[in-house]
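Me: I'd like to practise reading features off a model. Can you walk me through this one?

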Amino acid sequence: MSNDLSNVDVAVVGGGIIGCAVALAARRRGLSVAVLERGRICGEASSAAGGLICAQYDADHDTPLVRLRIDGRDAFPEFALLLEELTGLSVGYSAGPTLGLARTDEQRTQLLARVAWQRKAGLDAEFLEPDEARRREPLLPPDLTAAACYPDGQVDTQRWAPIIHRALLAAGVHVHEGTDVTAVAAGPNPCVVYPSDAAADLKRVDRGGGRMIK
Ligand SMILES: Cc1cc2nc3c(=O)[nH]c(=O)nc-3n(C[C@H](O)[C@H](O)[C@H](O)COP(=O)(O)OP(=O)(O)OC[C@H]3O[C@@H](n4cnc5c(N)ncnc54)[C@H](O)[C@@H]3O)c2cc1C
């Protein structure tokens, strides 16, 4: 890769789903963006994931993390649409719903309390008796004691890596795969990034311009 990042406003280290989403969001705000990824775009946890976009399945209390998960889930349709607009390809997003299951009396009590809390918090959640749950999903286990229905979705992580890569390029993000970043230094510019291939014989860093010079 070229180590010259002088024209880049934002350098994102790590091209998993989080880094790529950040890169696309920054690009949409008119910034020039580079993603530096040591392997392949979405080649690590982001492709191993099951793709469940579960914000509510274990949400019992109002915490910042729960709110963040709900906001993330609610933003997902727009993100999936953006990827589709940029590439013409679908990441297999489905809006749900998702069922949470109880298989003991204790779990049933827990689920009942969870649904009650979520409804009180203004979230969409439904408590289901086993017969109703089986009517909706006949393959549920016979020892079911209750179920809860949440508007949590799913995405096909088996297919999204090349789509996200293509979306980054279509949006004008500079993608550098095979680039292991070993150090980041703050400077007058947002950041100066040292890929490992440059770090060994780095002679000078022009922090004013945010440039890296070997
Ligand atoms: C088996 C499994 C199943 C999962 N199932 C789900 C699920 O159903 N639902 C769900 O919401 N979450 C699930 N997750 C969690 C989900 O995969 C992660 O929360 C998500 O992928 C994190 O995204 P990320 O971009 O932060 O991390 P990653 O996808 O790991 O991306 C980080 C990237 O940074 C790169 N990187 C790291 N260091 C450097 C460096 N120094 N220089 C350059 N690049 C670097 C890595 O190569 C990697 O590509 C699952 C995880 C696993 C492992």
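Reply: Sure. Keep in mind that this is a predicted model. Let's start with a residue pair: Val13 has Leu36, in β2, as its bridge partner.

Me: Which strands pair there, and in what sense?

Reply: β1 (residues 10–13) and β2 (residues 33–36) pair over four bridges, in the parallel sense. To get from β1 to β2, the chain passes through α1, and this β-α-β crossover is right-handed.

Me: And how should I think about side chains along a strand?

Reply: As a general idea, side chains in a regular strand alternate between the two faces of the sheet.

Me: What surrounds the ligand?

Reply: A shell of 22 residues, with Gly14, Gly16, Ser46, Ala49 and Gly50 the closest. Two elements give two or more residues to that shell: α1 (17–28) and α2 (45–48). By type, the shell splits into nine nonpolar, nine polar and four charged residues.

Me: Now helices. How do I read which side of one is buried?

Reply: The general idea first: an α-helix has 3.6 residues a turn, so residues three or four places apart point the same way. Now the case here: Arg108, Leu111, Arg114, Val115 and Gln118 of α4 are buried. Looking down the axis of α4, those buried residues fall within an arc of 125°, so they line one face of the helix.

Me: Which exposed residues does α4 carry on the face turned away from its buried side?

Reply: Asp105, Glu106, Ala113 and Lys120.

Me: What span should α4 have, at 1.5 Å a residue?

Reply: Its 16 residues (105–120) should span 22 Å, and the end C-alpha atoms are 23 Å apart, which agrees.

Note on methods:
Residues numbered from 1 in each chain as written. Predicted model: local features only at pLDDT ≥ 70, side-chain atom pairs only at ≥ 80, totals over all residues. Near = placed C-beta within 6 Å. Nonpolar A, V, L, I, M, F, W, Y, C, P; charged D, E, K, R; others polar. Pairing = 2+ DSSP bridges. Right-handed = clockwise from strand over helix to strand, strands pointing away. Expected span 1.5 Å × (residues − 1). Buried ≥ 20, exposed ≤ 12 C-beta atoms within 10 Å, placed from the backbone. Arc of directions from axis to C-beta.
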